[in-house]
Amino acid sequence: MKTALLALFLVFASANPPEPSIAYFSNVREVRVGQPDRQNFFIVDEELWNHSRPDLGDLRIYDGESPVQYSLSEQRAGVSSEEAEAKILNLGSVSGHTEFDLDAEGIATYDRIRLRLDAKDFVVTAAVGGSNTLGQAPATELPPSTLYDFTSERLGSNSVLKLPPSSFRYLHVKLSKGILPQQVKGAAISNLREQQASWTKVGSCSAPEQKQRTTVIVCDVPARVPLNRIVFQVESSQVNFRRTVSVEDANGEQAASGELSRVRVNRAGTLVTAEEMAISLAGTFGKITISVDNQDNPPLRILVVQPLSLERRVYFDPQGKRSFKLYYGDEKITAPVYDYARFFHLEASPAEAQLGEGAHNPQYTGRPDDRPWSDRHMGILWAVMILAVIALALLAVRGLRSEVKE
């Protein structure tokens, strides 16, 4: 009997998934539509990060009492590349210059040539011409590229020729002096399609401080806003450097590492320029400390350090309406599952909607206590269990007494 009562109590442990309701969201903002006749979006800002769930799963758009479907999109950089090996033909030397033809049959349209060169410490210019007939003078001259290798200076290398989108069957490549024919080991052509990432500025950084050979910079980032990138601005007159950078979070654990570099070298009249001024992170929160190892070199003259968060956009279809309400601030609600997001299609020219100031939701009541009955009445449950134990003990004692009398 007592066991049956306990099982009955535990039946109440099951609970349904939380349902959305305007009264359960603590905050609200107005959404002012940019253009009502097309797809719109708004950008997730610091206000939303600070008062929403970390996954933004509690954002809800309402038209009056009716929910409006949306799609949450991260504006990441996108790179897709199709690459194929290019056959090298007629490789040789003409007046001291290495020249060869490439058969670009593998890809219909391409914009990159990657050479495999068995050479170190060089700077050469690659002139390229395109033609659809092998052996004839190139019909079209394409922009030249600078190839280099600075192994001795530890400043990196580049063996990729960048072209405008091209479809020539054959390419004629002529290298300036510095690369021998036998050092050309292979080539590949590719079609690289890039989509630039979008970023939102977050937080601020202190002025750089020198500690022995290390430059230290402390940045304060809002605790709930994910940090995905740090961009540095170094005085333009400081060139030809490479520095190792380490980023620690508020707990002193390494959150990211990378390198800052700038190359500006003139070799035999050929100017080589390249730089990398950003460090990527996986989504760190809160205060960070940046350390730049200068080794035995003068410290970098860092002018600006800017933390960035990957931009998140919320896309929706206003269907002719000019304003909506955005509700957020419900920790228990589950993330929405919308057909609009499943079959999302980004239109060519979406309009940007504007968000009003964040405010407390005047209809907010908070969710009722939806914990299982057993969690909400632990005192009663323990009392029943204790009574059950006492009852079993009394029955046991009574049974022992009966046996003794017999």
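Q: Taking exposed to mean over 50% relative accessible area and buried to mean under 20%, is Gln-212 buried or exposed?
A: This is a predicted model, and in it Gln-212 has a relative accessibility of 81%, so it counts as exposed. Gln-212 belongs to the loop that runs between strand S18 (209-211) and strand S19 (214-220).

Q: And what's its phi like?
A: The phi of Gln-212 is positive, near 60 degrees, even though the residue is not a glycine. As background, most residues other than glycine have a negative phi.

Q: What about Arg-154, where is that one, and what is its phi?
A: Arg-154 is placed in the loop between strand S11 (140-149) and strand S12 (157-158), and its phi, about 55 degrees, is positive although Arg-154 is not a glycine. Its relative accessibility is 66%, which is why Arg-154 counts as exposed.

Q: Which residues line the largest pocket?
A: Arg-154 is one of the lining residues, together with its neighbours Glu-153 and Leu-155. The rest of the lining is made up of Asn-240, Phe-241, Arg-242, Arg-243, Thr-244, Glu-259, Asp-293, Gln-295 and Asn-297.

Q: Which strand gives the most to that lining, and how much space is in there?
A: Strand S21 (residues 241-248) contributes the most, with four residues, and the largest pocket holds about 230 Å³ of space.

Q: Asp-296 isn't in your lining list, so where does it sit?
A: Asp-296 is found in the loop between strand S25 (288-293) and strand S26 (302-310), and with a relative accessible area of 75% it is exposed. Its C-alpha lies 7.0 Å from that of Arg-213, although the two residues are 83 residues apart in sequence.

Q: Stepping back, what's the overall make-up of the chain?
A: The protein chain has five helices and 31 strands, and 39% of its 406 residues are buried. Of the contacts between residues at least 6 apart in sequence, 79% join residues that are at least 24 apart.

Q: How many residues are in the largest nonpolar core, and which have the most contacts inside it?
A: The largest nonpolar core has 45 residues, and Phe-42, Phe-232 and Ile-290 are those with the most contacts inside it. Strand S20 (residues 227-234) gives the most to this core, namely four residues. More generally, nonpolar side chains in soluble globular proteins tend to be buried together.

Q: What does Phe-232 touch?
A: Leaving aside residues up to four places away in sequence, Phe-232 is in contact with Ile-217, Val-245, Leu-260, Met-277, Ile-279, Ile-290, Ile-302, Val-304 and Val-305. Apart from the largest core there is another one, of 27 residues, including Val-124, Leu-161, Leu-163 and Val-184.

Q: Where's Val-128, and what does it touch?
A: Val-128 is in strand S10 (residues 122-131), and at 2% relative accessibility it counts as buried. Not counting residues up to four places away in sequence, it touches Ile-113, Thr-140, Glu-141, Leu-142, Leu-161, Leu-163, Leu-171 and His-172. For one of these partners, Glu-141, which is 13 residues away along the chain, the C-alpha atoms are separated by 6.2 Å.

Q: New topic: how many aromatic pairs are there?
A: There are nine aromatic pairs in the structure. One of them is formed by Phe-42 and Phe-316, with 6.2 Å from centre to centre and 50 degrees between the planes, and it is tilted. Phe-42 is part of strand S2 (residues 40-43) and Phe-316 part of strand S27 (residues 312-316), so this pair ties together parts that are 274 residues apart in sequence. Both of these phenylalanines, Phe-42 and Phe-316, are buried.

Q: And what do Tyr-62 and Tyr-327 form?
A: Tyr-62 and Tyr-327 form an edge-to-face pair, 5.6 Å centre to centre and with 85 degrees between the planes. The pair links distant parts of the chain, with Tyr-62 in strand S3 (residues 60-63) and Tyr-327 in strand S28 (residues 323-328), 265 residues apart. Tyr-62 and Tyr-327 are both buried.

Q: Which rings make up a cluster, and what sits over the ring of Phe-41?
A: Phe-41, Tyr-315, Tyr-340 and Phe-344 are linked by ring pairs into a cluster. The charged end of Arg-313 is positioned over the ring of Phe-41, at 4.3 Å from the centre of that ring.

Methods
Residues are numbered from 1 along each chain as its sequence is written. This is a predicted model: local features need pLDDT of at least 70, side-chain atom pairs count only at pLDDT 80 or more; totals for chains, interfaces and linings use all residues. Side-chain values use heavy atoms; hydrogens and water are left out. A nonpolar core is a set of buried Ala, Val, Leu, Ile, Met, Phe, Trp, Tyr and Cys residues joined through side-chain atoms within 4.5 Å. Buried means under 20% relative accessible area, exposed over 50%, partly exposed in between (1.4 Å probe, protein chains only). Helices (H or I, at least four residues) and strands (E, at least two) are DSSP runs, numbered from the N terminus. Contact means heavy atoms within 4.5 Å. Rings of Phe, Tyr and Trp (its six-membered ring) pair if their centres lie within 6.5 Å; planes under 30 degrees apart count as stacked, over 60 as edge-to-face and the rest as tilted. A charge sits over a ring if NZ of Lys or CZ of Arg is within 6 Å of the ring centre and within 35 degrees of the ring normal. On a 1 Å grid over the protein atoms alone, a cavity is a set of points where a 1.4 Å probe fits but cannot get out, and a pocket is an open set with protein on both sides within 12 Å along at least five of seven lines; lining residues have an atom within 4 Å of a point. Grid points are joined across faces, edges and corners, and a volume is the space filled by probe spheres set on the points.
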